[in-house]
Amino acid sequence: MEDILQAVERILQDKPLASIQWFVLSQSWLGKTYGEMAEASGYGDNYIKEVGSQLWQDLSVALGKRVTKKNLHLALKKHLQDKIGDQENQSQQKFGKESSIEIFPDFFSASKIEFPSGPIPLGSPVYINRPPLEELVCNEILHPGCLIRIKAPRKMGKSSLLNRMIAYAREQGYQIVYLDFQEADEDVFASLDKFLRWFCVNVSRQLNLLPCIDDFWDTEMGSKVSCKIYFEAYLLQYIDHSPVVLALNEVHRVFEHPNIAQDFLPMLRCWHEQAKQDQIWQKLRMVVVHTTEIYIPLNLNQSPFNVGITITLPPFTLNQVQYLALRYGLHCAADSEGAKRLVPLQTMLGGHPYLVSLALYHLCQKQITLEVLLETASTPVGIYSQHLRELLTLLQKEPELMSAMQQVIATYEKVELDAIAAYKLESMGLVKLNGNQAHAMCELYRLYFSQQLGKHLGY
């Protein structure tokens with residue numbers, strides 16, 4: 001099947017397959033119906049049929065012969081045979097009969113799979129859709145003056161989803177402004193005025209406009225009003241008619257500075273509401289990405305987190321883990337028995353995207369078995385040792401978080417935590433929250449921190 005997938009990539013070299021197209025192609029090859037695909041993926045029947053129809057049309061154009069779901073096997077196998085014949089003839093002519101060449105190198109070979117680190121690149125076959133989230137954010141960004149919030153703990157896929165939404169917005173001809181608050185120096189947060197000036201300068205430069213802050217800044221009117229005037233009378237006036245997507249990543253960094261957050265966040269809400277009555281503000285579409293709920297008090301009528309649309313990234317389901325395993329070339333996961341083999345991995349990792357991807361990466365290298373991986377997962381010799389040490393180091397910097405995490409791992413029941421400690425642990429991805437009640441994100445974290453925090457606390 002890898003040869004087939006690789007062949008399609010070569011055939012459609014000018015049109016890389018999206019992840020949903022990979023899914024429809026591989027499932028069609030296995031003889032699945034559109035209804036079965038819809039049930040497995042979470043997409044609607046009609047959408048799956050549309051994806052399939054477009055895929056067969058693209059293949060038909062590329063191959064110069066009609067390709068349908070029914071004749072897929074025949075059409076692609078014939079193409080492979082023709083290619084092999086052509087290349088064998090060329091090889092014999094150039095090197096003689098003893099020469100051998102690799103016609104279709106395995107797309108999933110260990111040397112070609114990148115180590116899981118950072119956002120998943122656009123077009124990567126190991127990006128897994130979590131319907132209907134991708135479709136939802138792409139549809140919402142089309143609405144004038146929209147405000148989208150993407151919330152999830154660390155390493156759950158926020159930036160990967162954001163990058164796909166940005167790519168979609170670019171396809172619509174929108175201008176993009178991307179700000180990552182982790183890049184801001186600490187002294188930027190010294191005062192609201194300094195922060196908003198930094199904010200405006202960065203937006204100006206990304207829109208290819210000369211920053212002219214002082215021409216619009218009025219100390220008597222205050223920093224927030226000055227910032228609004230700068231956007232309204234300068235930035236949004238001097239760009240063309242295309243919308244601007246203002247993507248704000250790692251906004252939880254602002255939460256750490258209450259003197260900034262208590263003014264900046266209500267300002268974003270004010271801009272969103274301004275778009276309902278002012279056409280110029282409808283050009284602005286805002287996306288706010290953060291790891292946890294805000295843990296400083298805001299008036300409900302000022303918070304940007306109870307307006308607009310909220311996207312919360314869930315962990316992977318077992319079906320999604322199985323599908324990702326196939327993307328990594330683990331063919332043992334192709335049937336129902338293969339899915340059963342992945343249940344212990346799902347139980348250990350709770351469907352956490354990064355942890356699952358790291359496991360599948362190591363398994364596809366064939367240097368460790370699933371049984372050994374699970375047995376050593378929480379130990380210093382396991383594949384997660386560096387990741388777990390990094391989390392432990394973060395906890396050790398804040399004794400109150402150490403204490404809170406110890407309460408969480410002491411029981412399988414949910415425990416009530418201090419609000420700020422709960423939100424910070426959620427931001428780190430260590431716990432799931434229901435209000436202020438917390439329980440461990442996954443069994444891996446429970447096992448590891450039961451050992452490490454027990455040592456730290458002298459148990």
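Helices and strands here are DSSP runs, numbered from the N terminus, with at least four residues for a helix and at least two for a strand. In these terms, Lys 366 falls in the loop between H15 and helix H16 (370-376). The model is a predicted one, and the description below moves from the whole chain to its cores, its strands and a few individual residues.

The protein chain contains 20 helices and 8 strands. Of its 459 residues, 53% count as buried. Among contacts with a separation of 6 or more, 71% are between residues 24 or more positions apart. The chain exposes an accessible surface of about 22100 Å², and carbon and sulfur atoms make up 49% of that area.

The interior can be described through its nonpolar cores. The largest of these has 102 residues, and the residues with the most contacts inside it are Ile 148, Tyr 384, Met 405, Leu 430, Leu 444, Tyr 445 and Phe 449. Helix H15 (residues 353-364) gives the most to this core, contributing 9 residues. Apart from this core lies another one, of 51 residues, which includes Cys 212, Tyr 230, Leu 248 and Tyr 295. Met 405, from the list of residues with the most contacts in the largest core, is in contact with Leu 395, Leu 425, Leu 430, Val 431, Phe 449 and Leu 453 once its neighbours within four places in sequence are set aside.

Helix H15 also holds Ser 357. This serine has a relative accessible area of 11%, and because buried means under 20%, Ser 357 counts as buried. Leaving out residues up to four places away in sequence, Ser 357 touches Pro 116, Leu 324 and Tyr 328. Another buried polar residue is Arg 327, at a relative accessible area of 3%. Arg 327 belongs to helix H12 (residues 318-327). Its C-alpha atom is separated by 9.3 Å from that of Ile 128, although the two residues are 199 residues apart along the chain.The strands come next. Strands of a sheet pair through backbone hydrogen bonds, either parallel or antiparallel. Strand S3 (244-249) has 6 of its 6 residues buried, so S3 is largely enclosed by the rest of the structure. Its two faces are both covered: Val 244, Leu 246 and Leu 248 are buried on one side, and Val 245, Ala 247 and Asn 249 on the other. S3 pairs in the parallel sense with strand S2 (residues 175-180) over 6 bridges, and Asn 249 in S3 stands opposite Asp 180. Strand S4 (residues 284-290) also runs parallel to S3, joined to it by 5 bridges. Here the bridge partner of Val 245 is Arg 285 in S4.

S3 also takes part in lining a cavity. A search of the whole structure finds 1 cavity of 30 Å³ or more, and the largest cavity holds about 30 Å³ of space. Its lining consists of Val 203, Leu 207, Phe 231, Leu 236, Val 244, Leu 246 and Leu 284. The elements giving two or more residues to this lining are helix H9 (223-238) and strand S3.

An open sheet of 3 strands has the order S6-S8-S7 and antiparallel pairing. Strand S6 (415-416) and strand S7 (431-434) are the edge strands, each pairing on one side only. S6 pairs with strand S8 (residues 437-440) over 2 bridges, with Glu 416 opposite Gln 437 in S8. S7 is joined to S8 by 4 bridges, and Leu 433 has Ala 438 in S8 as its bridge partner. S7 and S8 form a hairpin with 2 residues between them, and Gly 435 in the turn has a positive phi of about 70°.

Some backbone details remain. Most residues other than glycine have a negative phi, and most peptide bonds are trans. Pro 131 and Pro 132 are joined by a cis peptide bond, with omega about 5°. Pro 132 lies in the loop between helix H5 (72-95) and helix H6 (133-140). Asn 208 is not a glycine, yet has a positive phi of about 60°. Asn 208 sits in the loop between helix H8 (192-206) and H9, and counts as exposed at 71% relative accessibility. Lys 366, placed at the outset in the loop between H15 and H16, likewise has a positive phi, near 60°. At 75% relative accessibility, Lys 366 is exposed, because the cut-off for exposed is over 50%.

Notes:
Residues numbered from 1 in each chain as written. Predicted model: local features only at pLDDT ≥ 70, side-chain atom pairs only at ≥ 80, totals over all residues. Heavy atoms only, no water. Core = buried A, V, L, I, M, F, W, Y, C linked by side-chain atoms within 4.5 Å. Buried < 20%, exposed > 50% of the residue type's maximum accessible area, 1.4 Å probe, protein only. Contact = heavy atoms within 4.5 Å. Areas by Shrake-Rupley, 256 points an atom, 1.4 Å probe, with all protein chains shown as cover. Pairing = 2+ DSSP bridges. 1 Å grid on protein atoms, 1.4 Å probe; cavity = no way out; pocket = protein on both sides within 12 Å on 5 of 7 lines; lining within 4 Å. Points joined across faces, edges and corners; volume = space filled by probe spheres on them.
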